[in-house]
Structure formats: structure tokens, C-alpha cells
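Visitor: Please give me a close look at a single part of this structure, and then follow its surroundings outward as carefully as you can. I would like the cut-offs behind each term as you go.

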Amino acid sequence: MQYQKIISGTTVIEFHNSLWGEETIKVNGQEVSKAKSIMGAEHFFTVVENNEEARYVLVTKVDSQMQPLLDLFRNGIPIKHNLVINYGKPPQNEYKKKGILFLNKYKLEEAEAQFLKAMDIDSFDAELYLYLACIYSLRENSLKGYEYLLKAKQKNLCDLSVFETNDMLAFLRIQEAFEGFKSSGYNSYDVSLMPTISKGDSGQEVK
């Protein structure tokens with residue numbers, strides 16, 4: 001298997017190639033193109049960046065030594081040229097996996113510590129910000145919870161419907177600010193509607 005990760009601004013582009021020559025392109029975790037290839041292929045896709053569409057073309061090829069390479073263009077401008085495609089699987093973020101285990105057990109302090117370490121490895125992973133929003137929702141800290149929901153959106157979280165369905169985010173949804181946040185496309189919220197007092201892990205009120 002071959003794998004390559006490219007970061008363009010806030011956009012994370014991943015190239016996957018199976019042993020059977022099936023190339024898959026993912027943008028911010030979502031599949032946008034797939035093709036069978038032996039000697040190379042072209043992948044065309046668009047990404048909304050800062051409320052504007054950016055047109056990308058990712059071209060795969062091999063050199064005279066059969067080394068797989070790729071070129072990447074954004075709006076007709078080359079970003080990468082003859083980038084060597086690595087062999088291997090996508091790296092696993094062990095801190096993220098541990099954080100999810102702690103979160104599912106409602107061990108919030110331990111979960112937060114793991115997710116923050118996971119961010120040191122991959123700050124572009126939108127799911128990490130979602131999980132931190134869950135932690136602060138469970139703590140009944142709406143200010144921090146909405147801050148992390150907004151960051152998850154800004155990091156291009158694939159499925160925003162989770163804001164309305166995840167049980168751990170229930171506290172954030174019952175706040176006055178939520179309808180306005182939703183109406184804005186999850187791009188802004190009214191801080192003045194936030195409670196000034198929230199609860200920590202111990203359940204005690206904190207300023």
C-alpha cells in the first residue's frame with residue numbers, strides 16, 4: 001500500500017493506493033475521487049476554502065525507475081511537483097485512540113490530556129476538536145464547548161450533523177446560542193447568550 005498526506009492551508013489531502021492499484025483521494029477525511037491505475041491517473045476535485053471553491057488536480061505517475069510520484073495543482077498553480085509517494089499505511093495516532101477510550105468511560109481529565117497530545121501530532125484532525133467539545137459539554141462549560149465546535153467546523157469536520165445528534169453534546173444544544181450557531185452554518189455564535197457559570201468534572205460550580 002502507498003500513502004501520502006499533503007496539507008494545503010486548512011485542507012488536508014490524503015492519497016491512498018491499494019495493492020491492486022486502486023487510487024483513492026480523501027479531502028479532510030472524505031473520499032472525493034477514486035480510479036484504477038498502473039502507470040498513473042488524474043484526480044479532479046473541488047474544495048470549499050474560506051467560502052470559495054478551489055479547484056484541485058492531483059496527478060500520479062511513475063519515473064524511469066518505477067518510483068511513484070505525484071503532482072498537485074490548485075487553481076492551475078502547482079503546489080507539489082514530483083512528490084515521492086511513500087509506501088505504508090496511514091500513521092495511527094495512539095493518543096487519539098486512548099482519548100476516545102477514556103471519553104467513552106467518562107474519564108474527562110484523562111481524555112482531554114490524550115486529545116491535546118494527539119493535537120501535537122496532527123492539529124488538522126477535526127475530530128479531536130469535536131471530542132474536546134464533547135468533554136466541555138459534559139462539564140457544562142458552554143464557552144469552551146462552542147469554541148471547540150467552531151474549531152471542528154473550521155478544520156472541515158466531514159459530518160456536521162453530529163452537532164445535532166451526539167448525546168454528549170446535549171448540554172450545548174439546549175443553550176440559547178445553539179439556534180443562532182446552527183443558522184450561521186456553524187460559523188459563529190453569540191457569546192452574550194452563554195451562561196457565566198459552568199460546572200467542572202467534580203460537578204462544583206466554577207467561574
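Guide: Leaving aside neighbours within four places in sequence, Tyr-3 is in contact (heavy atoms within 4.5 Å) with Glu-14, Phe-15, His-16, Ile-85, Asn-86, Gly-88, Lys-89, Pro-90 and Pro-91. This is a predicted model, in which local features need pLDDT of at least 70 and side-chain atom pairs count only at pLDDT 80 or more, while totals for chains, interfaces and linings use all residues. Residues are numbered from 1 along each chain as its sequence is written, and side-chain values use heavy atoms, with hydrogens and water left out.

Tyr-3 belongs to strand S1, residues 2-8; strands (E, at least two residues) and helices (H or I, at least four) are DSSP runs, numbered from the N terminus. Tyr-3 counts as buried because its relative accessibility is 9%, where buried means under 20% relative accessible area, exposed over 50% and partly exposed in between, with a 1.4 Å probe and protein chains only. Its side chain also makes a polar contact of 2.6 Å with the side chain of Glu-14. Such a contact is a pair of N or O atoms within 3.5 Å; within protein, one must be able to donate a hydrogen and the other to accept it, and residues adjacent in sequence count only if both atoms are side-chain atoms. Asn-75, by comparison, lies 72 residues from Tyr-3 in sequence and 24 Å from it in space, C-alpha to C-alpha.

The bridge partner of Tyr-3 in S2 is His-16, and S1 pairs with strand S2 (residues 11-17) in the antiparallel sense over seven bridges; two strands pair if DSSP finds at least two bridges between them. Both strands belong to an open sheet of five with antiparallel pairing, in the order S4-S3-S2-S1-S9. S4 and strand S9 (86-87) stand at the edges, each with a single partner strand, so one side of each is left without a neighbour in the sheet. Towards the S4 edge, six bridges join the antiparallel strands S3 (residues 22-27) and S4 (residues 30-36), with Ala-35 in S4 as the bridge partner of Glu-23. Their hairpin has two residues between the strands, and Asn-28 takes a positive phi near 50 degrees there.

Further along the chain, Asn-93 caps the N-terminal end of helix H1, with a side-chain oxygen 3.3 Å from the backbone nitrogen of Tyr-95. In H1 (residues 94-104), the buried residues are Lys-96, Gly-99 and Leu-103. They lie on the same side of H1, because they cover an arc of only 60 degrees around the axis, an arc taken from the directions from the helix axis to the C-beta atoms. An α-helix has 3.6 residues a turn, so residues three or four places apart point the same way. The buried residues of H1 pack against helices H2 (108-121) and H3 (126-138), whereas the face turned away from that buried side carries the exposed residues Leu-101 and Asn-104. Just after H1, Tyr-106 takes a positive phi of about 60 degrees.

Lys-96 also leads to the loop between H2 and H3, where Asp-125 is placed: a polar contact of 2.8 Å joins the side chains of Asp-125 and Lys-96. Asp-125 counts as buried, at 15% relative accessibility.
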